[in-house]
Amino acid sequence: ATVGASIMGGEDRNCMIDTVRAIAVGGAVGGFAGCTKAFFDAYQPTMTEQAEAATTKAGRGILSRAARGIPARSVLPTGSVIGSYALLFAGVGGTFTGVQCLLREIRGETDDLWNGLGGACAAGALFGVQHGSVQAGVGGCAFLALGLAFMELTGNTLLPAPRENLKMQSD
């Protein structure tokens, strides 16, 4: 079974439902990642504030924007960051699952590494679309495909096998 099968809950699944679920989960994870990035970006000192802090004695001018009562730059950029991340993650999740499922259907219900690699490469290509760069697309394809291959080769886990399983395998 592939990574998709273990995440989506079994071998007998509906492609459309799985793809929609992957889009929803990807969007939620991306939205959270976007919130985190927007939060930290909003409280980073600007270049002017950094220069001002460098000219004060002992760096006493370095205080966070919240501590000085300066509001975040704007709500609009924050929403834009959150939306951008949510859209990218939703696209990656939906593309991976959709292409993997499509390849499984085309290849006659075989669920193997090749379907996952095709989905990972297609999903990685979205990074190239986002950045308008062929190199980013090729890099995204290679990165996600290698990550998926690693997961497949390690039994769909990043954690080592429990010691009980290791003893049983050696017997």
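In the predicted model, Trp-114 is exposed, with a relative accessible area of 58%. The residue belongs to helix H6. Once neighbours within four places in sequence are left aside, the contacts of Trp-114 are with Leu-103 and Arg-107. Leu-103 stands 11 residues from Trp-114 along the chain, and the C-alpha atoms of the two are separated by 8.4 Å.

Asn-115, also found in helix H6, has a relative accessibility of 0% and therefore counts as buried. Beyond the residues up to four places away in sequence, Asn-115 touches Gln-100, Leu-103, Arg-104, Arg-107 and Thr-110. Leu-103 and Arg-107 thus appear among the contacts of Asn-115 and are likewise the partners of Trp-114.

Gly-116 is a further residue of helix H6. With a relative accessible area of 1%, Gly-116 is buried. Its contacts, not counting residues up to four places away in sequence, are Phe-96, Gln-100 and Leu-148. Gln-100 is also touched by Asn-115. The C-alpha atom of Gly-116 lies 8.3 Å from that of Thr-97, a residue 19 positions away along the chain. Gly-116 is in addition one of the H6 residues that meet helix H7.

The packing of these two helices was examined next. Helix H6 spans residues 113-131 and helix H7 residues 134-153; their axes are 6 Å apart and form an angle of about 150°. Because angles over 145 degrees are classed as roughly antiparallel, H6 and H7 are roughly antiparallel to each other. Their crossing is right-handed. The residues of this contact comprise 13 nonpolar, six polar and one charged. On the H6 side, the contributing residues are Leu-113, Gly-116, Leu-117, Ala-120, Cys-121, Ala-123, Gly-124, Ala-125, Phe-127, Gly-128 and His-131. On the H7 side, they are Ala-136, Gly-137, Gly-140, Cys-141, Leu-144, Ala-145, Leu-148, Ala-149 and Glu-152. Leu-148, listed here for H7, is also the residue touched by Gly-116.

The H6-H7 contact includes Cys-121 and Cys-141, and these two cysteines are joined by a disulfide with an S to S distance of 1.8 Å. Cys-121 lies in H6 and Cys-141 in H7, so the bond ties together parts of the chain that are 20 residues apart in sequence. The torsion about the S-S bond is about -95°, and the disulfide is therefore left-handed. The two cysteines fall into separate accessibility classes: Cys-121, at 28% relative accessibility, counts as partly exposed, whereas Cys-141, at 16%, counts as buried. The boundary in question is 20% relative accessible area, under which a residue is classed as buried.

Two disulfides are present in the structure. The other pair consists of Cys-15 and Cys-101, for which the S to S distance is 1.4 Å. This disulfide is likewise left-handed, because the torsion about the S-S bond is about -70°. Cys-15 is located in helix H2 (residues 15-42) and Cys-101 in helix H5 (residues 75-106); the pair links distant parts of the chain, 86 residues apart. Both Cys-15 and Cys-101 are buried. When bonded cysteines are counted along the chain, the disulfides are reported to follow the pattern 1-2, 3-4. With regard to a further cysteine, Cys-35 has a relative accessibility of 39% and so counts as partly exposed.

At the level of the whole chain, the secondary structure consists of eight helices and zero strands. The order of elements along the sequence is accordingly given by the pattern α-α-α-α-α-α-α-α. The chain contains 171 residues, of which 27% are buried; Asn-115, at 0% relative accessibility, is one of the residues that count as buried. Of the contacts between residues at least 6 apart in sequence, 60% join residues at least 24 apart.

Technical notes. Residues are numbered from 1 along each chain as its sequence is written. This is a predicted model: local features need pLDDT of at least 70, side-chain atom pairs count only at pLDDT 80 or more; totals for chains, interfaces and linings use all residues. Side-chain values use heavy atoms; hydrogens and water are left out. Axes are lines fitted to C-alpha atoms, for helices over the stretch in contact, and angles run from 0 to 180 degrees between N-to-C directions. Helices (H or I, at least four residues) and strands (E, at least two) are DSSP runs, numbered from the N terminus. Angles under 35 degrees count as roughly parallel, over 145 as roughly antiparallel, 65 to 115 as roughly perpendicular and the rest as oblique. A crossing is left-handed if the near helix is turned anticlockwise from the far one by less than a right angle, and right-handed if clockwise. Contact means heavy atoms within 4.5 Å. Ala, Val, Leu, Ile, Met, Phe, Trp, Tyr, Cys and Pro count as nonpolar, Asp, Glu, Lys and Arg as charged, and the others, Gly among them, as polar. A disulfide is a pair of cysteine sulfur atoms within 2.5 Å. Buried means under 20% relative accessible area, exposed over 50%, partly exposed in between (1.4 Å probe, protein chains only).
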